Amino acid sequence: MCTAFVSIDLGSAVPVLLLAVRDEYTDRRWLPPGRHWPSWPTVTGALDLTAGGTWLAFDPHNGPVAACLLNGFGPQAPAHRRLSRGEIPLIAASGQEISHDRLERHDPFHLIVARPNGVRLISWNGCAVEDRELPSGISAVVNDGLEGQADNRTDSPRIRSAMAARLAHFRTRLQAVARPEPAAGRPEDAWGQWLPIACGDGLPPDHPAALVRHLESRSGRTWGSTSISLVALTPSAARYDFGPALGSCTWPRIHLETVLDRLPAPDHRHPGGAGACGASLAVQPVSAVADALCGHLPKCAAERMSRGLARVSRYPCSARPSRRSYDLLNPGRSNALQRAPGNVDYPGRSRRKVMMMSTSTPDWAEQIAQQELATSLPRRWAHSQGVARQAQRLAPVLGPDAALLIAAAVLHDVGYTPRLAVTGFHPLDGARFLRDEHGADERLVRLVANHSVALLEAEERGLREILEREFPLLDDQLLVDALIFCDMTTTPDGTLTSARDRVSEIVARYGASTLVGRFIQRAGPEIEAAVARTEHRLAAAGDQPR
């Protein structure tokens with residue numbers, strides 16, 4: 001039961017204020033705000049480690065703008081096409097567009113897009129989009145929509161009653177105190193009387209109107225408020241304060257690097273403080289705050305975070321964008337997707353224009369794989385989609401590298417495409433294609449080149465030296481194992497299987513004495529070991545092998 005309050009006073013020195021509380025199962029892991037997404041390098045937000053997106057994205061360079069998403073009620077997207085709603089705030093904060101086809105792949109939501117000159121609420125009910133400009137004063141948004149009056153609302157009288165009680169109590173409290181104009185200093189100084197109200201206003205977590213909640217569900221899991229965000233927007237500066245809601249409202253001094261270049265030099269009278277136009281401090285190292293904010297992460301994920309590998313991007317995979325798009329910042333405008341003017345040569349094809357997207361993201365990877373495989377090799381395309389679905393399961397294990405794995409998974413067999421089969425060894429041909437024609441990320445290319453113990457097949461083909469020289473095996477056992485797991489637990493038709501059955505199927509299909517048959521039998525023990533290691537990591541992260 002997420003909640004957001006928006007205060008708009010265009011005559012104020014700080015025209016827009018946003019208070020947002022996220023409610024979720026408390027064991028759903030996340031990372032504190034940072035620049036976690038290479039596709040949106042200026043966007044800051046907390047990272048959801050399950051799906052890779054965020055619930056509140058903040059970009060001081062694009063307005064500034066804050067985009068906050070709340071789940072809605074209504075018809076769900078088809079399970080086989082569903083995308084995480086966590087990408088929507090990232091798209092909105094960066095000023096990008098979303099295609100109508102892509103919108104239909106999301107479950108219902110309510111999206112607040114706040115800028116210093118006004119705030120819009122964009123609601124998707126599973127069938128249609130409604131957008132409106134919020135009026136001056138205080139507006140409240142919950143999962144039942146603006147003021148709890150969406151057409152599609154929860155069927156639960158208990159939840160509906162709790163939302164109504166929350167709105168009634170906290171609207172009255174916010175209206176009764178002085179509206180803050182946050183500038184420099186500590187959060188308690190900047191936000192004044194809003195801060196204790198945002199922290200729950202003294203209500204116990206099981207109170208019907210509680211803003212900060214902690215309740216035991218019937219399944220035994222704890223459902224409650226996991227974070228609180230306060231955002232202040234002015235035309236020339238912005239402030240973003242963020243804190244975990246862990247039963248007591250302690251506000252760690254987390255300020256974001258992305259704000260620094262939009263504000264005056266720091267005011268050193270307060271350690272880490274900022275000048276008069278806003279507050280900003282250095283981001284604390286992930287390793288120092290991850291346990292406090294996120295609970296105990298799987299060891300492998302914590303180790304990767306401590307190395308500063310912030311590589312999560314747009315995912316899960318999406319279909320190729322349609323020709324029509326929905327502008328989240330200007331909802332009344334529907335435009336054709338912009339295509340780059342550059343031309344790309346494809347051997348054996350006429351010269352054609354292609355959409356230039358950020359390479360190595362799952363979005364980009366799925367589009368490339370689809371256009372290369374879907375028509376020429378539909379069964380191989382079905383397998384690649386299945387491998388990508390397995391990769392999505394590994395997000396809790398891979399943490400910041402989850403998007404890289406998904407991109408490699410959907411592209412791992414692209415070298416089978418007839419026009420790309422120069423050597424006939426698909427890992428090498430696919431990697432060369434990604435490197436030479438798309439300038440793809442080096443780690444992605446090396447994963448594709450070496451997927452599923454490809455070095456042994458290269459040896460059978462007399463290509464091992466070439467493969468090792470051009471695309472050295474990635475020195476990352478976790479990623480290498482993960483891609484083997486995804487590939488070797490997926491049938492040629494994209495359904496799930498065991499590693500042992502997959503190896504047996506390949507031997508039966510090619511023949512035990514053939515080159516591929518010899519290779520896969522040699523690779524079998526290492527494949528099963530890699531799958532077992534990955535399943536162990538999944539179990540440690542709270543997922544069970546399927």
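**Notes on the sheet, the cysteines and helix H15**

1. A good place to start is one residue pair: leucine 121 has arginine 132 of S10 as its bridge partner. Please keep in mind that this is a predicted model. The two strands involved are S9, residues 118–124, and S10, and they pair in the antiparallel sense over five bridges.

2. Stepping back, what is the order of the strands in the open sheet? It has seven strands, and they run S3-S4-S5-S6-S8-S9-S10 with antiparallel pairing. Strand S3 (30–34) and strand S10 (129–133) are the edge strands, each pairing on one side only. From one strand to the next, the twist averages 15°.

3. Now for the other end of that order. S3 and S4 run antiparallel and are joined by three bridges. You can pick out tryptophan 30, whose bridge partner in S4 is aspartate 48. Strand S4 itself spans residues 44–48 and is mostly covered, with five of its five residues buried.

4. S4 also pairs with strand S5 (residues 56–59): two bridges join them, and the strands run antiparallel. Here threonine 44 is the residue to look for, since it stands opposite phenylalanine 58 in S5.

5. On to the cysteines. How many disulfides are there? The count comes to zero. Why does cysteine 2 have no bond to cysteine 68? Cysteine 68 holds the closest cysteine sulfur, but that sulfur is 7.7 Å from the one in cysteine 2, which is too far for a bond; a disulfide would need the pair within 2.5 Å.

6. Are cysteine 2 and cysteine 486 buried or exposed? Cysteine 2 has 13% relative accessibility and so counts as buried, because the cut-off for buried is under 20%. Cysteine 486, at 0% relative accessibility, counts as buried too.

7. Last, a look at helix H15, which covers residues 454–461. Its buried residues are Ala454, Leu455, Leu456, Glu457 and Ala458; you may like to note that a glutamate is in this list. What covers these buried residues? The cover includes helix H13 (426–438), helix H14 (442–449), helix H16 (464–470) and helix H19 (515–540).

8. One backbone detail is worth a glance while you are there. Just after H15, glycine 462 takes a positive phi of about 75°.

Terms used:
Residues numbered from 1 in each chain as written. Predicted model: local features only at pLDDT ≥ 70, side-chain atom pairs only at ≥ 80, totals over all residues. Heavy atoms only, no water. Pairing = 2+ DSSP bridges. Helix = DSSP H or I, 4+ residues; strand = E, 2+ residues; numbered from the N terminus. Axes fitted to C-alpha atoms, helices over the stretch in contact; angles between N-to-C directions. Buried < 20%, exposed > 50% of the residue type's maximum accessible area, 1.4 Å probe, protein only. Contact = heavy atoms within 4.5 Å.
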